[in-house]
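Okay, thanks everyone, let's get going. I'll put the structure up on the screen and then walk you through it.

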Amino acid sequence: MFSSQPVDGDLTANAIFLTLSLHGDDAALQAFRDFCADLPGLIRAVGFRNAGAGLSCVLGIGDGLWDRLAMGAHPQGLHPFREIAGVHRAPATAGDILLHIRATRPDFCFELATQIMRRLGSVATVEDETQGFKFFDNRDLLGFVDGTENPAGADRSSAVLIGDEDAGFAGGSYVIVQKYLHDMARWEAMSTEAQEQVIGRHKLSDIEFPDAEKASHAHNVLTNINDAEGNQLQILRDNMPFGSPARCEFGTYFIGYACEPGRIETMLTNMFVGLPPGNYDRILDVSTPVTGALFFVPSAGLLDRIGAGQPALPPAAPNEPDPRPQGSLGIGSLKQGN
Ligand code: HEM
């Protein structure tokens, strides 16, 4: 049994994404451990003021910080984000810590981010802070509904949570984030029909094109991937629009969770290099990623161990009680699994 962080929650109306780099000294590392121990309490304290706000927070840890924590074991899929230089470029940017804060109300996200920065602000550099918002009926700023084909129910959990394949880290997850800026003038110069060919769906109704009518480079062709047996490999996206009309900034914050990062990386390769190479995703003609980072999301129990300065434990031997602590973040859709 494990308790995961609430990675598999539903789309919310508001989110704040914080990417931080921890200072290199031992005091900063200890401050981060203390923060991990206290994060569940912080979320409870802010969230309890109105449970209906559905406040939750997921903490991700980058490869470099994981090694510094000296946990004695390494999640199989954790590595630095690898830049992709294809027809378009997906850059790799800095970040040790990702905080994905979600709520139905912006004030709850704002307050938790404030409390987090009070704890980490003096020991970490802010690489990026993005405040995302719901845009009408879950549309991105390109005007298409975003998130429709996300897996639901048990499919969602199996898509995002690490299982027996890396049993010491069961209940954890991986997350890749990229902050995209849109060239709205270029996008708006395209006809609606041409935009629909880029995405592979009708814009107003959000109905998917029949496969025979999709362009080979449609976004939903290039990101639809299968394993060797033909089973679809799914991820969970919680993309949010962000921007500033005054600065002429219009963007999509891409955030994808998966039980192993390879499936997100394959989608990215299909998009940026193309499948076959050259047949790339035309979203990228109007959308440019300015960040790119990969994080491991420990289970709630493992987060407790980081906070307590204890090493990660090997998986329990068969027929022996699992010695791993059953931690809880107290707020959000904590997942119980086997
Ligand atoms: C500018 C950035 C992006 C925008 C605006 C965008 C927008 C969309 C839209 C409108 C859809 C169709 C509705 C839906 O099913 O959600 C979609 C589907 C999807 N996107 Fe993206 N997306 C972006 C980046 C990415 C990236 C970087 C990935 C993965 C690495 C990705 C993976 C997917 C997947 C897996 C689907 C579902 C495909 C299917 O099976 O139908 N997207 N996206």
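I'll start with the overall fold, then go to the ligand shell, a helix, a strand, and a few loop spots.

First, keep in mind that this is a predicted model. The chain has nine helices and 14 strands. Its radius of gyration is 20 Å, close to the 20 Å that the globule rule gives for 338 residues, so the chain is as compact as a globular protein of that length. If you want box dimensions, the C-alpha trace spans about 55 × 50 × 35 Å along its principal axes. Buried residues make up 44% of the 338. And of the contacts with a separation of 6 or more, 78% are between residues 24 or more positions apart.

On annotation, UniProt has an unreviewed entry here. That entry puts "domain: Dyp-type peroxidase N-terminal" at residues 10–134, and "domain: Dyp-type peroxidase C-terminal" at residues 137–300. In the model, the 10–134 span is 35% helix and 29% strand, with its end C-alpha atoms 12 Å apart. For 137–300 you get 23% helix and 21% strand, and the end C-alpha atoms lie 32 Å apart.

Now the ligand. Which of the 26 residues around the ligand come nearest? Those are Phe 144, Glu 149, Asn 220, Thr 223 and Met 267. The elements that give two or more residues to that shell are strand E8, helix H7, strand E11 and helix H8. By class, the shell has 11 nonpolar, 10 polar and five charged residues.

Let's stay with H8, residues 262–272. Eight of its 11 residues are buried, so H8 is largely enclosed by the rest of the structure. Among the buried ones are Arg 263 and Glu 265, and so is Met 267, which you just heard about as one of the residues nearest the ligand. What do the buried residues of H8 pack against? Strands E4 and E5, plus E8, H7 and E11.

Just past the helix, the backbone gets fun. H8 is followed by Gly 274, with a positive phi near 105°. Then the peptide bond from Leu 275 to Pro 276 is cis, with omega near -10°. Pro 276 sits in the loop between H8 and strand E12.

Next, strand E3, residues 56–61, where six of six residues are buried. As a reminder, side chains in a regular strand alternate between the two faces of the sheet. In E3 both faces are covered: Ser 56, Val 58 and Gly 60 on one side, Cys 57, Leu 59 and Ile 61 on the other. E3 pairs antiparallel with strand E6 over six bridges, and the partner of Val 58 there is His 100.

Last stop, the exposed loops. Ala 70 isn't a glycine, yet its phi is positive, about 50°. Ala 70 is in the loop between helix H2 and E4. Exposed here means 12 or fewer other C-beta atoms within 10 Å, and Ala 70 has 10, so it counts as exposed. Phe 136 also has a positive phi of about 50°, in the loop between strand E7 and helix H4. Phe 136 has 8 C-beta neighbours inside 10 Å, so it's exposed too.

Finally, Glu 165 lies in the loop between H4 and E8, and is exposed, with 11 other C-beta atoms within 10 Å. Its C-alpha is 9.9 Å from that of Glu 260, 95 residues apart along the chain.

That's my tour, over to you.

Note on methods. Residues are numbered from 1 along each chain as its sequence is written. This is a predicted model: local features need pLDDT of at least 70, side-chain atom pairs count only at pLDDT 80 or more; totals for chains, interfaces and linings use all residues. A residue is near a molecule or strand if its C-beta atom, placed from the backbone, lies within 6 Å of it. Helices (H or I, at least four residues) and strands (E, at least two) are DSSP runs, numbered from the N terminus. Ala, Val, Leu, Ile, Met, Phe, Trp, Tyr, Cys and Pro count as nonpolar, Asp, Glu, Lys and Arg as charged, and the others, Gly among them, as polar. The radius of gyration is taken over C-alpha atoms; the globule rule is 2.2 Å times the number of residues to the power 0.38. A residue is buried if 20 or more other C-beta atoms lie within 10 Å of its own, exposed if 12 or fewer, and partly exposed in between; C-beta atoms are placed from the backbone. Two residues are in contact if their C-beta atoms, placed from the backbone, lie within 7 Å. Two strands pair if DSSP finds at least two bridges between them. UniProt positions are given in the numbering used here, feature names are shortened, and annotations may be inferred rather than shown by experiment.
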